[in-house]
Structures are given as structure tokens and as C-alpha cells.
Amino acid sequence: MIPIENLVRTPLANALGWTLFHSLWEGAAVALILLGIFYVVRSAQVRYVSACVALAVVAAGFVFTFFLLRPEGPAGASAQIPEFPAIPDAGHGLMAAVSDRLRAEDVLPWLAPFWFAGVILFQLRSLGSWIAARRLRNRGVCPATDRWQQRLPELCAQIRLTKPVAFLESCLTDVPVVIGYLRPAILVPIGFLAGMPECQIEAILLHELAHVRRRDYLVNLIQTVVEGFLFYHPAVWWISSVIRSERENCCDDMVVAAGTEAKEYAAALTTLEQNRQTAHEAVLAATGGSLMKRIRRLLNTSENPRKLSLLGAPGPVLSTGVILITAALAFMAWPVVSPSAHAQVRQAPVSEDRPGQLRTTQGQASPAQQLAQNVSPPTPAQAGEAQTGPAQTSQAQTWDPWQKWLSEDVAYIITDAERNAFRQLGTDDEREQFIEQFWLRRDPTPSTPENEFQDEHYRRIGFANGRFTSQSGVAGWRTDRGRIYISFGPPDEIDSHPPANGGQTPAYESWRYRFIEGIGNDILIDFVDTKGNGEFPMTRDPAATTRVFAPHN
């Protein structure tokens, strides 16, 4: 199995895939609600706060959804059940493990590795922007003239800003920007202070100081991090663009409220536009947002509440499409099933599958005794002295199905507490409800109609009965190989040897598991056909293998 498939076939990847799926309609719904607010609200501050809250709700919804779908630990209400890979045929490779019917639960886990890759790329991009901003702060700068250094505290007092702010001229920036949160600094291009009227310079500086007072630099950093994690969502990018646009509008309002003439300020913005280039995302520039819209807004303050057309709001339009698409996919991925589908007592099928060509390995003996302690065969009392030979087939058909379920179907996975609780039940309804809850507790995807753990468990029983049944009639599920296969799934490697030396050296198999939870890594299990009847009991003592294979004199 390739490494990426090992990553995908985990409860974590499954939970993350479904979280990404649900976050699509969650974010789309939030974007549509925000659009409705914008239709009735004019205040830039209210719009800005609403957009920030909307972005926080989408991020919180992602975390909360993953919390609900996450695989729980052993101490949780249900045990953490891993996905069990099927044994692929040699001629089909990986595709043999894929269902012939494409289902959402098969596809969604594959989103996880691509999401991780996207997050890494976007966070690296944000880190690069931050490094570039630090470079602007430390390289090619010099303090502004003394006159403006003295004037800056007076401007800070106009907008009630008490935090000290550095004022620097830079040869690396084309427009005024503010950088930093703990030690904020305003950077203006070389020659900026001598190339514009004083009143316009003061208006631009007030705008940058407004960013500092509102702590916009910190909010922008948090916003960039959220964008990196939700990079795949069009609604998130629309909400972020709204935040940046309304942030500039809020600062413009503070400049005008401080006594600056709107026309003078609009003229200053127009002059800056002539020198404008794309600024780094980690800095806040006076030319941020849609500059022409900001100018029209400043010059027409008595206009009616701003209207949003669908053509001017691509994010909500895409969000509506996302909701419709995810709803359609949800209906396609949710076939109609019987409410009691999980409560049915199922007869373990006899699979005709055979393992394909498996790799061989040589190595030292594994902790077989530890395996025997972890997965022990049921005692006669626990199994109800089940009849397993082919001669008792007719008797098994009339046998109590509840006892068969307890002593055969789940003999290796049911706990002692569950077994005792099941035996104390008095009615068939109680037993059906118990069985339904039994499988539900082990379902890695309880939000879907399929129970992958239950399906895989019965597939293993069927394979064990078809592959490991001995010549003496012992059912495959009762043999050591069947017990290990049902408990831990198909081995990663099998080293199989037929009898040798004229039958003096019995046939044996060595199974290798790269990892077994609760046991360890590189587990090697030996099965030796000491009786020659195909039962292949597991070697309890690794030293016994050496004695069995010792040459005969």
C-alpha cells in the first residue's frame, strides 16, 4: 500500500474529508447571511465587524464540525476503529480495493492530503509576505524629518492614539504603509513629504494612524492565517475581500471625523494612485481596497445605503452554487436504507476471494505470546460450544441466531462486559437494539448509512472460512490464522513454505504486520502445520519454531 493510501485509510482522514465537505455549505450559508446584512446596513464599522464575525463563524464551524466527527480515543463513548484495507488482487493492484460504486465516503478522505498540502503552501506564502514586510521595516529606511517627527504626536492626539509610532522614509515602498503591531511604524516613500501639500500628507498619515489605533495589523495577520486554512472556499475569499475593503472605509471615516476635508482627502488618494503598486498582504497601505469606490464614497456622503448587486458580489453567487452542489452530492451519497439495517443478524458469507501475490520477508521471531494474550480464542463457555464442522451444517441452520451472533460473528471483537450484558437481555427487541448499538459504536463514519467496520468484519470472516478451513473440518474463523486475520486484518507480507524433506518439515507461514496498535511495530507471526491437517496453529513460543524446523537425523 502506498504511503498516501495509508494516510487516507484512517479515521482522521475520513473525519477531515467530511469536515471539508460540510464546511462548504456552512461557509456558503454564512456568506449569504452576510450579504443580507449588507443590503440593509450602511455603516462601514458595522459592516466590518459583521464580516469579521462571519469569518470567525466559518472558522469556528470548521473546528466544531471536525470535533463532532473526530475519531474518539479509547476513553470516549466509542472506540477508535481503524479503516481495514482489503487484500488487492495481484492483477488489479490498488483498484481492487476500491468499490465498484463511487461513494462520498470513498472519495472524501482523499481530500485530506491535498488539503494539508494546500494549507502548507498558503501558510508558506503568508510567511513570505511577513518576511518581506519585516524587510521593509529594517532595510533602506531613515527617520523622517524633524518637523514631521514633531507633527506626528499631534496627529496621534487628533484620533486619540496613545501608542508610540515610528515614522520612517523608505526607498523600497511606493505608497505609505503601516507595519507591525507591538512596534508599529509608518513608512512613506522617499520624497513623499516634499511632493504633496501638507494638508494631504496629514490626511494620509491620519489614515495610517487609524490602522494602528484599530489594531488592524493584528486582525490582518489572523485573517491571513484563517485564509490559509480555508483556502479552498470561495465564500471565505469574498468575506476576506469585504473585510479589507470595509477596513479602509472605516479608516477613511476616522480621517474625515478628525477634521479633514473630504475633498482634500480624496485628492490625496488620487495623487497616491498615480504611484500605486500591489502592496504586500502583510502590510496595510493607504491605497488598499477599491480606491475609486472610496473616493466616490468620500465625495458623496449623502448617498442612499450602498446596494450590492449579484454581479458585484461574486462570493455569495458562488456560495449559492456551493450550497446547491453540496446538497445534490449529499442526496447522491445518502441512499435509502432500512432503519433496522444495522440491527440485522447477518450470516457470515463464505468468500471466494483468494489473496493475490504477496511479498515475502525474512526476519526474527515476533512477540507471538503477546498476540495470543491480546486476541484469545473464545472459550467453550463463551462460544456456547459452537458446532463448526461441516457435518453440523443443518444443526447450525436451526441454531439460535442470537447465540450464533454472540459466539461466532463477534467472538473476537466483543468485550466481556458486552457479552455479559447481551446474555442478560430478555427480548428480541432488546437484542436487536443491542446489536445496532454494538456496530454503531464501532462505525468510523456514523454520519453515513454505511458501516465500514461491520462490512469489513464480515468480509474477513467470509475470507477466513473460505481460505483457512482445515482438512479436518475446523471452520476457518476458529483457526489461529482466521483469528489473527479477523482481528488484525490482512498482513502486509506473507512468507509461505510447503512441506519439505519428505514431509518431515511441516508447512509453515510467516505473517508480517508493519504495525499493530497495542502490540508494536514489525510484528512477525509464525503458523506451523504441525499435524499436517491445514490448521496451522500459531507458534506460541518463538523458540518452538526453531525446534520444529531442526533437521532430523
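**View 1. Helix 8, residues 198-213, at full stretch.** In this predicted model, helix 8 has 16 residues and covers 22 Å from its first C-alpha to its last, close to the 22 Å expected at 1.5 Å a residue. There isn't much of this helix on show: 13 of its 16 residues are buried, so the rest of the structure largely encloses it. Right after helix 8 comes Arg215, with a positive phi near 60°.

**View 2. Arg215 and the step into helix 9.** Arg215 sits in the loop between helix 8 and helix 9. Its phi, near 60°, is positive even though the residue is something other than glycine. With a relative accessible area of 48%, Arg215 is partly exposed. Beyond the loop, helix 9 (residues 216-229) has 14 residues that should span 20 Å at 1.5 Å a residue, and its end C-alpha atoms are indeed 20 Å apart. Buried residues of helix 9 include Asp216, Tyr217, Asn220 and Gln223, and Thr224, Val226, Glu227 and Gly228 are buried as well.

**View 3. Strand 4, covered on both faces.** Look for strand 4 at residues 185-189: 5 of its 5 residues are buried, so the strand is largely enclosed by the rest of the structure. Ala185, Leu187 and Pro189 are buried on one side, with Ile186 and Val188 buried on the other. Strand 2 (residues 166-170) runs parallel to strand 4 and is joined to it by 5 bridges. Within that pairing, Ser170 stands opposite Pro189.

**View 4. The hairpin of strand 3 and strand 4.** Strand 3 (residues 177-179) runs antiparallel to strand 4, and 3 bridges join the two. One pair to pick out is Val177 with its bridge partner Leu187 in strand 4. The hairpin has 5 residues between the strands, and Gly180 takes a positive phi near 95° there.

**View 5. The largest nonpolar core.** This core has 35 residues, and those with the most contacts inside it are Trp405, Phe438, Trp439 and Trp511. Helices giving two or more residues to it include helix 17 (401-409), helix 19 (428-441), helix 20 (452-467) and helix 21 (480-488). Strand 7 (508-516) and strand 8 (520-528) also give two or more residues each. Helix 20 makes the largest contribution, with 5 residues. Apart from this core lies another, of 30 residues, among them Val165, Met196, Ala210 and Leu272.

**View 6. Phe438 and its contacts.** Which residues touch Phe438, once neighbours within four places in sequence are left aside? They are Trp405, Val410, Ile413, Ile414 and Glu418. Both Trp405 and Phe438 are named among the residues with the most contacts inside the largest core.

**View 7. The open sheet of strands 6, 7 and 8.** These 3 strands follow the order 6-7-8 and pair in the antiparallel sense. Strand 6 (493-497) and strand 8 stand at the edges with a single partner strand each, so one side of each has no neighbour in the sheet. On average, neighbouring strands here are turned by 15° against each other, direction ignored. Strand 6 and strand 7 pair over 5 bridges, and Asp495 stands opposite Ser510 in strand 7. Helix 21 lies across strand 7 and strand 8, running at about 20° to strand 7.

**View 8. Phe536, beyond strand 8.** Phe536 is in the loop between strand 8 and helix 22 (542-548). Its phi is positive, about 55°, although Phe536 is not a glycine. Phe536 is buried, with a relative accessible area of 10%.

**View 9. Cysteines without a bond.** The disulfide count comes to 0. For Cys52, the nearest cysteine sulfur is that of Cys250, 8.8 Å away. The sulfur of Cys250 has its closest cysteine sulfur in Cys251, 6.9 Å away, which is too far for a bond. Is Cys250 buried or exposed? Cys250 counts as buried, at 5% relative accessibility, whereas Cys52 is partly exposed at 22%.

**View 10. The overall setting for the close-ups.** The protein has 22 helices and 8 strands. Of its 553 residues, 45% count as buried. Among contacts with a separation of 6 or more, 71% are between residues 24 or more positions apart.

Methods: Residues are numbered from 1 along each chain as its sequence is written. This is a predicted model: local features need pLDDT of at least 70, side-chain atom pairs count only at pLDDT 80 or more; totals for chains, interfaces and linings use all residues. Side-chain values use heavy atoms; hydrogens and water are left out. A nonpolar core is a set of buried Ala, Val, Leu, Ile, Met, Phe, Trp, Tyr and Cys residues joined through side-chain atoms within 4.5 Å. Buried means under 20% relative accessible area, exposed over 50%, partly exposed in between (1.4 Å probe, protein chains only). Helices (H or I, at least four residues) and strands (E, at least two) are DSSP runs, numbered from the N terminus. Contact means heavy atoms within 4.5 Å. The expected span of a helix is 1.5 Å times one less than its number of residues. Two strands pair if DSSP finds at least two bridges between them. Axes are lines fitted to C-alpha atoms, for helices over the stretch in contact, and angles run from 0 to 180 degrees between N-to-C directions. A disulfide is a pair of cysteine sulfur atoms within 2.5 Å.
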